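Student: Could we go through this one by asking how each label is earned?
Tutor: Sure, have a look first.

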Amino acid sequence: PDSSSTATAPSSVRFFAYGDTRSRPRVHNELAAEMLSMVKAAPSFGSFALVSGDLVSRGGAENYWYEQFFNPKKAPNLQQLLSQIPFMACMGNHEASVASKVYNFNATLFRQKFPYPYVDPNSFYWSFSYGPNLKFFIIDQYHHYEAGSQQLQWLEQGLSESTAKWKFLVFHAPGYTCGNWHDPLDEDEMIKVRTLLEPLITKYNVQITFGAHNHVYCRYDVNGVQHLTLGGGGAWLYNVTDFKLPNSMLMCG
């Protein structure tokens with residue numbers, strides 16, 4: 001079931017997709033300037049921006065939201081972009097950060113800044129359609145999505161009922177990626193994506209997954225599904241390390 005309204009879309013669609021905008025608002029502002037130029041040159045780019053989490057470094061603190069995302073002096077281009085196109089975001093681990101290595105996954109401030117039509121008032125998963133042919137499922141990796149969970153049941157029902165030609169999953173920590181891990185828990189998230197989400201991705205013909213978390217660009221083709229890591233939105237870039245995962249298509253730092 002769709003948890004938001006369906007937008008009217010043209011026959012061809014362009015949208016921006018990126019993540020990990022945290023830490024360096026001036027870099028994000030430069031990217032926003034490029035996107036504004038693209039929208040001006042080709043208005044079809046003015047559909048929306050798909051953001052794969054970690055918008056700020058410490059999402060549990062109001063001053064981080066101002067300094068890294070909503071500051072008109074440090075990021076005027078970003079403020080203009082926010083006023084022109086919708087930002088469709090998933091929650092990353094840093095949205096729940098209240099101090100170094102301390103997390104509150106209620107993420108009250110993220111909910112206030114981005115009041116999407118979440119399916120569950122205690123978590124952050126939802127979906128939206130753009131015209132009849134595009135369906136996006138936003139996954140919350142930081143609340144229950146184990147086998148039999150409400151979130152996984154919702155996802156399978158939505159995928160099975162969707163008649164969209166293109167179906168996409170959006171979540172923060174990818175299942176196929178490259179770069180340096182933050183900590184051992186990242187491997188747990190990778191395993192969850194492969195064991196819990198990938199069977200549904202395959203069964204219901206999802207074409208693309210959008211992630212971030214690792215501050216690199218990476219694309220893996222796994223059984224025809226494109227797994228994108230789009231972590232270059234402003235955070236410090238990582239040195240790329242190939243972990244010898246199968247079907248690596250393209251990697252760059």
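**Strand S8 and its neighbours**

Tutor: Let's start with one contact: Phe136 stands opposite Phe168 in S9. Keep in mind that this is a predicted model, where local features need pLDDT of at least 70, side-chain atom pairs count only at pLDDT 80 or more, and totals for chains, interfaces and linings use all residues. Residues are numbered from 1 along each chain as its sequence is written, and side-chain values use heavy atoms, with hydrogens and water left out.

Student: What makes S8 and S9 a pair?
Tutor: Pairing takes at least two DSSP bridges between two strands. S8 and S9 (residues 166–170) are joined by five and run parallel. Strands themselves are DSSP runs of E, at least two residues, and helices are runs of H or I, at least four, numbered from the N terminus.

Student: And which way does S7 pair with S8?
Tutor: Antiparallel, again over five bridges, with Ser127 opposite Phe137.

Student: Why is S8 called mostly covered?
Tutor: Buried means under 20% relative accessible area (exposed is over 50%, partly exposed in between; 1.4 Å probe, protein chains only). Five of the five residues in S8 (134–138) are buried. Leu134, Phe136 and Ile138 sit on one side, Lys135 and Phe137 on the other.

Student: How do you know that the length of H5 agrees with what a helix should span?
Tutor: The expected span is 1.5 Å times one less than the number of residues. For the 12 residues of H5 that gives 16 Å, and the end C-alpha atoms are 16 Å apart, so the two agree.
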